[in-house]
Amino acid sequence: MLLTSYRLGNLTLPNRLVMAPMTRARAVDGKPTAETATYYAQRATAGLIVTEGVHPNAVGQAGPSMPGVHDDAQVEAWRVVTDAVHANGGRIFAQLMHGGRIGHVDVAGHHPVGPSAIAAGTDVFTPSGMAPAPVPRALTTAEVVEQVQAFGDAARRAVDAGFDGVELHGANGYLIQQFLSSSANERTDRYGGAGRVRFAVEAVEAAVDAIGADRVGIRLSPGGEIQGIVEEDVPALYGSLLKALPDIAYVHVLATTDDETLMGLRKAWPTAFVLNPGGQIGPVESTQEQGERWLANGADLISYGRAYLGNPDLVERFRLGLPLVSTERETWFSAPSGYVDYPSYQH
Ligand SMILES: Cc1cc2nc3c(=O)[nH]c(=O)nc-3n(C[C@H](O)[C@H](O)[C@H](O)COP(=O)(O)O)c2cc1C
């Protein structure tokens with residue numbers, strides 16, 4: 001099943017493997033480099049590539065050496081990446097990741113913002129190492145609307161840069177999930193309380209207005225509790241979110257809750273359901289077996305993160321049952337090696 005094709009929006013994917021979004025922290029001045037183009041082009045046999053988190057505006061930058069897609073120079077730099085992937089026959093979405101309260105003034109001179117003035121209680125990356133996450137400045141209602149629009153503007157720029165679409169990062173404790181979570185969102189305006197799903201919905205709508213529903217997806221980690229997130233009544237919260245979302249190309253769900261809840265979300269969602277078995281960097285990397293099991297259980301596509309770091313030809317390795325290379329955590333972010341130096345399998 002993993003190796004069968006799938007129609008996603010206007011794209012025909014040759015297989016059902018998605019390269020999961022992975023921050024690599026190797027951008028220079030907020031822009032991807034020639035190496036970034038090589039890295040993604042090496043992985044172009046994936047049914048779909050979703051890039052590392054890319055900030056939709058300057059205040060959304062979560063950490064050092066992360067790329068953005070909010071100015072002309074960034075768009076031009078991403079164009080080199082999307083051209084390289086397309087030249088190798090691939091398809092690529094940009095993951096729009098707004099850090100919200102996950103960020104630090106030392107990263108790019110912007111104090112982080114969030115739904116409420118509540119710190120994440122974890123550490124964040126800064127140019128001089130890890131530091132406690134600061135208390136974010138709570139956005140006014142008018143500023144929330146501006147952050148919503150940033151997703152629409154960034155989606156437009158992503159398509160200008162040659163991306164086939166965008167995935168909004170609604171998982172892992174970044175801005176969109178901060179709005180969803182009662183532990184990070186104590187607002188009393190229309191974005192709080194029963195309106196906690198509103199920010200996610202409006203951000204998706206802004207992207208849809210900019211580039212069309214068939215080019216938009218959203219990533220979610222129902223029940224996921226990293227970066228200070230606490231979630232209660234997960235089936236009800238995410239059920240109401242899925243109901244309120246327009247029929248976009250896909251939802252990309254991490255296995256951060258029990259199988260029954262995941263299956264319920266699958267059934268409640270009308271278009272493509274992408275599942276990431278490994279969750280939030282769980283103890284075990286997603287496997288081929290898990291992928292096949294989830295496809296049999298109703299998922300349409302399976303995303304692989306860590307397996308894609310060391311195995312650019314993951315599709316071929318799955319096809320032929322070839323051994324997988326695993327990677328060292330020290331090379332995941334901002335390291336001189338471990339990026340473009342993993343070859344395809346040498347027969
Ligand atoms: C180095 C690294 C960076 C990651 N960065 C992101 C990111 O930018 N956005 C995101 O949604 N998930 C990110 N993740 C999570 C992965 O997309 C994926 O959910 C996780 O690794 C579990 O899947 P796996 O078992 O297939 O690796 C990252 C994971 C790793 C290992």
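## A walk around an eight-stranded barrel

The protein chain has eleven helices and 14 strands, where helices (H or I, at least four residues) and strands (E, at least two) are DSSP runs numbered from the N terminus. What you're looking at is a predicted model, in which local features need pLDDT of at least 70 and side-chain atom pairs count only at pLDDT 80 or more, while totals for chains, interfaces and linings use all residues. Residues are numbered from 1 along each chain as its sequence is written.

Let's start with the overall build. The C-alpha atoms of the protein chain fill a box of roughly 60 × 45 × 35 Å along the principal axes. The radius of gyration is 19 Å, which agrees with the value near 20 Å for a compact globule of 347 residues; this radius is taken over C-alpha atoms, and the globule rule is 2.2 Å times the number of residues to the power 0.38. Of those 347 residues, 53% are buried. Here a residue is buried if 20 or more other C-beta atoms lie within 10 Å of its own, exposed if 12 or fewer, and partly exposed in between, with C-beta atoms placed from the backbone. Among contacts with a separation of 6 or more, 70% link residues 24 or more positions apart; two residues are in contact if their C-beta atoms, placed from the backbone, lie within 7 Å.

Now for the barrel. Eight strands close up in the order β3-β4-β5-β10-β11-β12-β13-β14, with parallel pairing. On average, neighbouring strands of this sheet are turned by 25 degrees against each other, direction ignored; the axes behind that angle are lines fitted to C-alpha atoms, for helices over the stretch in contact, and angles run from 0 to 180 degrees between N-to-C directions. Strands count as paired if DSSP finds at least two bridges between them.

β4 is a good place to step inside. Seven of its seven residues are buried, so β4 is largely enclosed by the rest of the structure. On one side, two bridges tie β4 to the parallel strand β3 (residues 17–19), and Met-19 sits opposite Ile-49 there. β4 also pairs with β5 (residues 92–96), again in the parallel sense, over four bridges, with Val-50 finding its bridge partner in Phe-93 of β5.

Further along the chain, β13 (residues 272–276) and β14 (residues 301–304) run parallel and are joined by two bridges. In this pair, Val-274 stands opposite Leu-301 of β14. Asp-300 is placed in the loop between α9 (288–296) and β14. Is Asp-300 buried or exposed? It is buried, because 21 other C-beta atoms lie within 10 Å. Leaving aside neighbours within four places in sequence, Asp-300 is in contact with Tyr-6, Arg-16, Ala-272, Phe-273 and Val-274. Its C-alpha atom is also separated by 9.4 Å from that of Met-1, although the two residues are 299 apart along the chain.

What about the ligand? It is surrounded by 25 residues, the closest being Ala-20, Gly-53, Gly-278, Ser-286 and Gly-305; a residue is taken as near if its C-beta atom, placed from the backbone, lies within 6 Å of the molecule. β4 (48–54) turns up again here: along with α10 (306–310), it is one of the elements giving two or more residues to the shell around the ligand. By type, the shell divides into ten nonpolar, eleven polar and four charged residues. In that tally, Ala, Val, Leu, Ile, Met, Phe, Trp, Tyr, Cys and Pro count as nonpolar, Asp, Glu, Lys and Arg as charged, and the others, Gly among them, as polar.

There's antiparallel pairing to find too. Strands β7 (residues 123–126) and β8 (residues 129–132) run antiparallel and share four bridges, and a hairpin of two residues joins them. Across this pair, Val-124 has Ala-131 as its bridge partner, while Asp-123 stands opposite Pro-132.

Finally, a couple of backbone oddities. Most residues other than glycine have a negative phi, and most peptide bonds are trans. Asp-29, in the loop between β3 and α1 (34–42), has a positive phi of about 50 degrees although it is not a glycine. Asp-29 counts as exposed because it has 11 C-beta neighbours inside 10 Å. Ile-281, in the loop between β13 and α9, also isn't a glycine, yet has a positive phi of about 55 degrees. With 14 other C-beta atoms within 10 Å, Ile-281 is partly exposed.
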